[in-house]
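Work through the exercises below with the sequence and the model in view. Each task is followed by its solution.

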Amino acid sequence: MKEHVTEINLIVRSWNKQDGLNERAEKFTSLDQFFTACLNVGNPELIDRLIINGTDSNDKERTLTFVFQSVTVDGAPSGK
């Protein structure tokens, strides 16, 4: 049997002083839908994780997780 992707999960995060850290997840079954969603992630949200579920050539369930780290810079000069 051939490897097969069954689901792609996109997890995005946003932060604000009033609500704190918020996380939102969306599930996709096609790469095109997933790609479009990634391109539409905008400020203040950031992509946090991608989780790809599927099966390998032996029909065993597999999960790949990609985690991203973000850094925010406020533009203020350091040390002054």
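**Exercise 1.** State what share of the 80 residues in the protein chain is buried.

Solution. Buried means under 20% relative accessible area, exposed over 50%, and partly exposed in between (1.4 Å probe, protein chains only). By this rule, buried residues make up 22% of the 80 residues in the protein chain. The model is predicted: local features need pLDDT of at least 70, side-chain atom pairs count only at pLDDT 80 or more, and totals for chains, interfaces and linings use all residues. Residues are numbered from 1 along each chain as its sequence is written, and side-chain values use heavy atoms, with hydrogens and water left out.

**Exercise 2.** Give the order of helices and strands, and describe how β1 and β2 pair.

Solution. Step 1: helices (H or I, at least four residues) and strands (E, at least two) are DSSP runs, numbered from the N terminus. The chain has 1 helix and 4 strands, in the pattern β-β-α-β-β.
Step 2: two strands pair if DSSP finds at least two bridges between them. Strand β1 (residues 4-16) and strand β2 (residues 20-28) run antiparallel and are joined by 9 bridges. One of the bridge partnerships links Leu 10 to Glu 26 in β2.
Step 3: β1 and β2 form a hairpin, with 3 residues between them.

**Exercise 3.** Find the salt bridges of Glu 23 with Arg 13 and with Arg 49, and classify the burial of these residues.

Solution. Step 1: a salt bridge is a side-chain nitrogen of Lys or Arg within 4 Å of a carboxyl oxygen of Asp or Glu. The count comes to 7 salt bridges.
Step 2: in the salt bridge between Glu 23 and Arg 13, the closest N and O atoms are 2.9 Å apart. This pair links strand β2, which holds Glu 23, to strand β1, which holds Arg 13, 10 residues apart.
Step 3: Glu 23 also meets Arg 49 in a salt bridge (3.2 Å, N to O). Glu 23 lies in strand β2 and Arg 49 in strand β3, so the pair ties together parts that are 26 residues apart in sequence.
Step 4: Glu 23 has 46% relative accessibility and therefore counts as partly exposed. Arg 13, at 31%, is also partly exposed, whereas Arg 49, at 19%, is buried.

**Exercise 4.** Search the whole structure for aromatic pairs and describe the geometry.

Solution. Step 1: rings of Phe, Tyr and Trp (its six-membered ring) pair if their centres lie within 6.5 Å; planes under 30 degrees apart count as stacked, over 60 as edge-to-face and the rest as tilted.
Step 2: the search finds 1 aromatic pair. Phe 28 and Phe 34 form this pair, with 6.2 Å centre to centre and 65° between the planes, which is edge-to-face.
Step 3: both Phe 28 and Phe 34 are buried.
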